[in-house]
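I opened this entry to keep a record of what I looked up in the model. The cavities come first, then the DNA strands, then a few single bonds and residues.

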Number of protein chains: 2
Amino acid sequence: MASPDDPAPTRPRPATIWDVAHAAGVSVGTVSKALNGRGQLRAETREAVRTTAARLGFRPNDLAQSLLRKRSFTIGLISTDRYGRFSIPVLEGIEDALEAARISVFLCSASDDPARERQHIDSLLAKRVDGIIVTGRRTDARTAIDLGGASVPVLYAFAQVADPAAPYLLPDDFGGASLAGEHLIGLGRTCIAHVTGPERFEAVRQRRDGLRQALEAHGLAWRRERVLSGSWSEAWGHAAVTKLLARRPGIDAIACGSDQIARGVVDALRERGVRVPDDVAIVGFDNWEIIAAATRPPLTTIDMNLKHLGREAGMRMLAMIDGDIAAGVVRLGCQLVVRESCGAARAGRVAS
Amino acid sequence: MASPDDPAPTRPRPATIWDVAHAAGVSVGTVSKALNGRGQLRAETREAVRTTAARLGFRPNDLAQSLLRKRSFTIGLISTDRYGRFSIPVLEGIEDALEAARISVFLCSASDDPARERQHIDSLLAKRVDGIIVTGRRTDARTAIDLGGASVPVLYAFAQVADPAAPYLLPDDFGGASLAGEHLIGLGRTCIAHVTGPERFEAVRQRRDGLRQALEAHGLAWRRERVLSGSWSEAWGHAAVTKLLARRPGIDAIACGSDQIARGVVDALRERGVRVPDDVAIVGFDNWEIIAAATRPPLTTIDMNLKHLGREAGMRMLAMIDGDIAAGVVRLGCQLVVRESCGAARAGRVAS
DNA sequence: GGCGCAACGGAAAAGGTTTTCCTCTGGGTT
DNA sequence: AACCCAGAGGAAAACCTTTTCCGTTGCGCC
């Protein structure tokens with residue numbers, strides 16, 4: 001096991017600036033200038049140093065540079081839920097945005113274990129990261145991470161936080177659900193039900209309200225008994241259909257709280273001989289390709305643009321590192337992705 | 001935008017060891033000794049330093065430590081496929097194993113773009129990572145990553161590499177498929193088909209051969225026409241059933257190359273009134289919870305123990321950092337996870 | 001009372017890089 | 001011929017921590 005006490009094994013050391021200077025017969029300062037295009041150097045000196053450095057495979061030691069610059073050019077990414085379907089695109093987006101600034105990402109999966117989270121944060125602070133992004137949605141706002149007095153910018157992406165002074169980015173669940181509602185209404189559906197996840201999730205409440213707003217904006221009544229809250233599973237979608245059809249046979253559309261739920265709903269309807277979309281139109285939420293595309297018919301659904309959210313998070317983090325201060329929530333738009341479960345012409349993506 | 005040329009914005013600097021020494025009225029060397037339990041110090045000196053350090057929120061700068069130790073206590077993780085279902089558990093396992101050694105992980109998603117991969121590797125080498133783990137399966141063996149002369153241990157986890165001198169870890173696809181076959185045979189099935197992914201995947205060939213071996217070991221004939229290669233999708237599983245039933249009505253079990261395929265197969269069978277598992281038993285591969293558990297009936301399937309594979313990768317990386325040299329492939333066992341699609345008593349996990 | 005030894009803690013080097021400041025050389029000017 | 005200046009590159013400090021090597025102090029002992 002490697003532990004901080006072990007010495008490094010004997011391994012050919014990477015070339016240092018000193019090695020280059022020695023080989024090229026100049027001083028270390030000159031090498032630095034030659035390689036970085038600084039100072040007053042003859043062209044041939046510069047060139048000689050360059051070729052020597054290349055020959056030796058010299059690569060400046062970022063650790064030393066960071067020590068000097070007081071910037072490590074790294075950030076920490078803490079994911080509080082285990083990496084799942086949602087964190088991945090966010091993460092990709094973040095990397096995308098940060099790559100341009102040549103910033104690397106430390107990954108920490110803290111899976112809701114406070115002790116582990118503490119340890120990760122300690123480690124990140126010791127490594128002098130330039131910033132920390134926290135991601136991973138939960139039912140409720142999480143507590144702000146404890147920096148122990150350190151002064152490092154922290155951004156919450158696809159995560160909610162109780163601290164009003166903290167900046168955080170979330171998808172516009174309300175708007176997304178609205179979009180779904182508008183789509184159904186635009187297709188002539190009037191008797192719309194809502195099968196969704198556990199009410200304790202803020203996203204569930206937002207989506208419910210967004211849908212409601214769309215309906216009411218078009219003069220359609222909002223009925224409590226057409227809203228069924230359960231779990232985030234296919235099984236719940238399946239079960240909900242039974243309840244729904246027993247209560248309300250006149251339903252002509254169901255807006256679902258997630259694609260998984262939607263798939264359960266679609267399967268259940270098909271089994272009962274209810275045609276989708278002819279008899280009942282279905283719209284999902286998440287655009288989780290693996291589910292949405294495999295459903296028969298493929299799901300029209302709402303995409304939260306998580307990669308874009310990640311990219312935005314990266315950009316904002318960059319700004320914060322440069323001294324910007326930000327606070328409060330920013331909600332980023334969702335998009336409707338049209339497939340076949342609503343019967344609309346397949347028009348690709350419609351901007352929100 | 002942050003760029004290497006920008007100065008750090010004015011932000012309260014973290015306390016240094018000098019600040020602590022100054023505040024405590026001792027020298028920096030003494031502070032170091034007090035905090036690290038080295039040297040000969042009076043107990044009260046030690047205590048005084050400790051409280052001062054705590055008061056100032058002092059946290060040793062890992063960058064400076066790494067410079068001195070010539071070990072950065074970081075590793076790079078390069079994923080060549082976009083982070084998907086498979087990389088995540090591997091990654092968790094790696095983190096798990098490395099956490100004990102207080103090693104942090106740099107995440108790089110190179111999504112098969114060689115230029116981007118190059119840039120990532122450069123960046124990792126500049127940061128003096130102690131090692132690099134490459135993950136992300138592809139159809140064929142990938143080329144070894146190019147370290148440009150640097151001497152850093154590299155391990156491939158859930159990835160194949162053309163270089164015979166490189167160490168890599170893979171799940172035992174052959175053994176896993178064998179396990180699936182044994183299970184079906186043990187339940188009395190004798191006419192077993194195989195619906196799987198594209199033949200160009202080495203995993204597909206391994207699994208096919210593993211299944212074959214199990215059948216032949218029990219004196220069952222292996223028939224080419226009962227093997228259907230297609231894509232990794234549910235749709236293919238669905239389509240394959242049509243072909244299969246037309247050709248071979250006597251089938252009493254289908255071993256599938258993935259859970260997605262299996263789900264397509266199960267759905268297709270149900271639609272045709274074929275009962276699962278009564279008429280035909282189905283076994284999947286992957287144990288992708290979200291698919292396997294939602295299938296009706298839930299899939300009996302093979303788990304590749306990817307988290308364990310990741311943990312193993314972490315352990316081996318630790319050994320390599322300490323000077324161990326390793327080469328060649330190591331295959332890690334799979335497990336059978338019994339649910340309901342084969343009709344066996346639900347006995348939980350059976351070790352391989 | 002002088003000596004030696006143990007206990008304690010300070011000084012300084014090392015690690016690799018950048019940057020500022022300084023020195024040296026040579027050419028041009030008066 | 002003396003001087004100045006620019007051009008070129010070297011020396012050293014700074015970043016922060018650890019560790020080795022010493023120096024100092026106080027005590028016990030002869």
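**Cavities**

I started with the largest cavity, which has a volume of about 160 Å³. The model is a predicted one, so I note the limits: local features need pLDDT of at least 70, side-chain atom pairs count only at pLDDT 80 or more, and totals for chains, interfaces and linings use all residues. Residues are numbered from 1 along each chain as its sequence is written, chains are lettered from A and ligands numbered from 1 in the order in which they are written, and side-chain values use heavy atoms, with hydrogens and water left out.

A cavity here is a set of points, on a 1 Å grid over the protein atoms alone, where a 1.4 Å probe fits but cannot get out; lining residues have an atom within 4 Å of a point. Grid points are joined across faces, edges and corners, and the volume is the space filled by probe spheres set on the points. Rolling a probe the size of a water molecule over the atoms shows where empty space is left.

I counted 7 cavities of 30 Å³ or more by this rule. The lining of the largest includes E95(A), E99(A) and R102(A) from one chain, and Q119(B), H120(B) and S123(B) from the other. At least two residues each come from helix 5 (87–99) and strand 2 (104–109) of chain A and from strand 2 (104–109) and helix 6 (114–126) of chain B. Helices (H or I, at least four residues) and strands (E, at least two) are DSSP runs, numbered from the N terminus. By class I get 5 nonpolar, 4 polar and 3 charged residues in this lining. Ala, Val, Leu, Ile, Met, Phe, Trp, Tyr, Cys and Pro count as nonpolar, Asp, Glu, Lys and Arg as charged, and the others, Gly among them, as polar.

The second largest cavity has a volume of about 140 Å³. I find 13 residues in its lining, with L63(A), F106(A), L63(B), T74(B) and F106(B) nearest the centre. Helix 4 of chain B gives the most to this lining, with 3 residues. The classes here are 4 nonpolar, 6 polar and 3 charged.

**DNA strand C**

Which residues come nearest to DNA strand C? Of the 28 around it, they are I17(A), Q65(A), T30(B), K33(B) and T45(B); near means that a heavy atom of the residue lies within 4 Å. Of the strand C atoms within 4 Å of the protein, 70% belong to sugar or phosphate and the rest to bases.

I then listed polar contacts (pairs of N or O atoms within 3.5 Å). Phosphate oxygens of strand C lie 2.8 Å from a side-chain N or O atom of R38(A) and 3.0 Å from a polar backbone atom of N61(A). Helix 2 (28–36) and helix 4 (62–69) of chain A, with helix 2 (28–36) and helix 4 (62–69) of chain B, each give two or more residues to this surface. Helix 2 of chain A has the largest share, 5 residues.

**DNA strand D**

DNA strand D is also surrounded by 28 residues, and the closest are T30(A), K33(A), T45(A), I17(B) and Q65(B). Sugar and phosphate make up 68% of the strand D atoms that come within 4 Å of the protein.

Where does K33(A) reach strand D? A polar side-chain atom of K33(A) is 2.7 Å from a base oxygen. For T45(A), a side-chain N or O atom is 2.5 Å from a phosphate oxygen. The largest share of the surface near strand D, 5 residues, comes from helix 2 of chain B.

**Salt bridges**

I count 50 salt bridges over all chains, each a side-chain nitrogen of Lys or Arg within 4 Å of a carboxyl oxygen of Asp or Glu. One of them pairs R263(A) with D267(B), closest N and O atoms 3.8 Å apart. R263(A) is in helix 10 (residues 259–271) of chain A and D267(B) in helix 10 (residues 259–271) of chain B, so this pair joins two chains.

**Backbone notes, chain B**

The peptide bond from V276(B) to P277(B) is cis, with omega near 10 degrees. P277(B) sits in the loop between helix 10 and strand 9 (281–283). R296(B) and P297(B) are also joined by a cis peptide bond, with omega about 0 degrees. K70(B) is not a glycine, yet has a positive phi of about 60 degrees. I place K70(B) in the loop between helix 4 and strand 1 (74–79) of chain B.

Note on methods. Polar contact = N/O pair within 3.5 Å; in protein donor to acceptor, adjacent residues only side chain to side chain. 1 Å grid on protein atoms, 1.4 Å probe; cavity = no way out; pocket = protein on both sides within 12 Å on 5 of 7 lines; lining within 4 Å.
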